[in-house]
Amino acid sequence: MNTLPLAEPSSVEAAEASLALARELQPICRSITGDGLRETLRILNREVPLTIREVPSGTQVLDWTVPNEWNIRDAYIKNGRGERLVDFQKCSLHVINYSVPVKATMTRGELEPHLHSLPNRPTAIPYKTSYYREAWGFCVTEQQREALGDGPFEVCIDSSLKPGTLTYGELLIPGSRKDEFLVSTHCCHPYMANDNLSGIVLSVQLAKRLLNSQPRLSYRFLFIPGTIGSITWLALNDSSRIRHGLVLACLGDAGGFTYKKTRLGDAVIDRVVQHCLSYSKTPYAVRDFIPYGYDERQYNSPGFKLPVGTLMRSPNGGYAQYHTSDDNLDFITRDALAGSYEILCAIVDVLEHDGAYLNLKPRGEPQLGKRNLYDRAQDDTLALLWVLNLSDGAFSLLDIAERAKLPFTQIRHAAQRLTAAGLLRPLVNHE
Ligand code: ZN
């Protein structure tokens, strides 16, 4: 059986590399199309070898159409003295993502319907989009809004919205089997760190780890714009080999884990993630699937029924900083990223090493003492006995770990010891 290097990189190294990459990506104004998304993927491609795809605007994808490409160079609201009161160059959240171009002088009254702020969070800039309805607007802090004055203002959004392409990045790491594990992360959000620089940078670290191993499963990483990206990928690609999947988002904040189950609810990935979380020493919550959230909605739609869960820490919509400028680099921590990386590695580890074994001395209990297998901690002995008892070919190591209420790693170690002692052999799975 192939093995993955245990700690390459270590979780702290992976978290530090993640933070450095997040810092580099934060200033880029991303969207569901355009140069910001392209530049983001170009940087990711420096880290891991991506295939970058460009899908033309107007392409029919399932029930959707790839939209026009949006690009933005600058935007501001200036006062009569030419001072920038609101400045896109300072924070890309200041403009409603996908705003059509504007260049006008206007009064406060004319500008007012195009201003968005958060009265309950007066120092935060909200994140707003208008992808499928042509609109424009500025997102400002409540304090900025109050201090704007009456105008007149010079209002400029130097953007373009015209036929181009939708860009996404893909990486397939082939394993010894063609069965795939899908890791999908959305790359369309500007500025914000937890949602979703955290998902992007951890996907990169996980991909790096897998690129350094000879995995059993094949791993497909998708770096895509939210919703339209997964719909585009599903429309244009073969998803029939996907056996397990995770959407990764919001994995850098200090909250406990949230796992949103697949539509099926008891897929292997659901069991594996819950098993790993139960031994992670971090608080966690498990939620049933609902058809609202991230790209899992598309993967779990009834025409695909792909078993794709969603792993987060604080869930989308479930924290005060969500979709605001307060979801910044200060909101994500090295420790949280390290813990998230560890759980991802643990999940991969279970899927890589799960399998059924056959007890070669099934009549009665083999004598462990004479094989020097009886001198360990009680838990270790119990793990040996469980593996022997349930290894009649019908149960996998994960089944045994769940039933024995012991960590998969301990059950797997027991299976290795018993195999070495000639009491067990792996049942080869000819997939
Ligand atoms: Zn979001």
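The exercises below work through the domains, sheets and helix packing of one predicted model.

The model is predicted, and local features need pLDDT of at least 70, side-chain atom pairs count only at pLDDT 80 or more, while totals for chains, interfaces and linings use all residues. Residues are numbered from 1 along each chain as its sequence is written, and side-chain values use heavy atoms, with hydrogens and water left out.

**Exercise 1. State the domain bounds of the chain and the separation of domain 2 from domain 3.**

Begin with the assignment, in which domain 1 takes 8-66 + 165-352, domain 2 takes 71-162 and domain 3 takes 355-426; such bounds come from an automatic or database domain assignment. Then take the C-alpha centres of domain 2 and domain 3, which lie 64 Å apart.

**Exercise 2. Work out the strand order of the sheet that contains β17, and identify its edges.**

Helices (H or I, at least four residues) and strands (E, at least two) are DSSP runs, numbered from the N terminus, and two strands pair if DSSP finds at least two bridges between them. On that basis three strands form an open, antiparallel sheet in the order β18-β17-β19. Because β18 (392-396) and β19 (424-426) each have a single partner strand, they stand at the edges, and one side of each is left without a neighbour in the sheet. From one strand to the next the twist averages 30 degrees.

Next, examine the pairings: β17 (residues 356-359) is joined to β18 over two bridges, with Ser-396 of β18 as the bridge partner of Ala-356. β17 also pairs with β19, here over three bridges, and Leu-424 of β19 is the bridge partner of Asn-359.

**Exercise 3. Describe how α12 is placed against this sheet and against α11.**

Helix α12 (residues 408-420) lies across β17 and β19, running at about 115 degrees to β19; axes are lines fitted to C-alpha atoms, for helices over the stretch in contact, and angles run from 0 to 180 degrees between N-to-C directions. Helix α11 (residues 397-404) packs on α12 at about 120 degrees, with the axes 9 Å apart, and this angle makes α11 oblique to α12. (Angles under 35 degrees count as roughly parallel, over 145 as roughly antiparallel, 65 to 115 as roughly perpendicular and the rest as oblique.)

For the contact itself (heavy atoms within 4.5 Å), α11 contributes Leu-397, Leu-398, Ile-400, Ala-401 and Ala-404, while α12 contributes Phe-408, Ile-411, Arg-412 and Ala-415. These residues divide into eight nonpolar, no polar and one charged, where Ala, Val, Leu, Ile, Met, Phe, Trp, Tyr, Cys and Pro count as nonpolar, Asp, Glu, Lys and Arg as charged, and the others, Gly among them, as polar.

**Exercise 4. Give the geometry and the residues of the contact between α1 and α2.**

Helix α1 (residues 11-25) and helix α2 (residues 35-47) pack at about 155 degrees with their axes 11 Å apart, which means that α1 is roughly antiparallel to α2. Leu-21, Glu-24 and Leu-25 of α1 meet Thr-40, Ile-43, Leu-44, Arg-46 and Glu-47 of α2, a set that divides into four nonpolar, one polar and three charged.

**Exercise 5. Locate β1 in the sheet of eight strands, and find its partner.**

The eight strands form an open sheet of mixed pairing, in the order β1-β10-β12-β11-β13-β16-β14-β15. β1 (51-56) and β15 (284-287) stand at the edges, each with a single partner strand. Six bridges join β1 to the antiparallel strand β10 (residues 165-173), and Thr-165 in β10 is the bridge partner of Pro-56. Finally, α2 lies across β1, β10 and β12 (218-224), running at about 20 degrees to β10.
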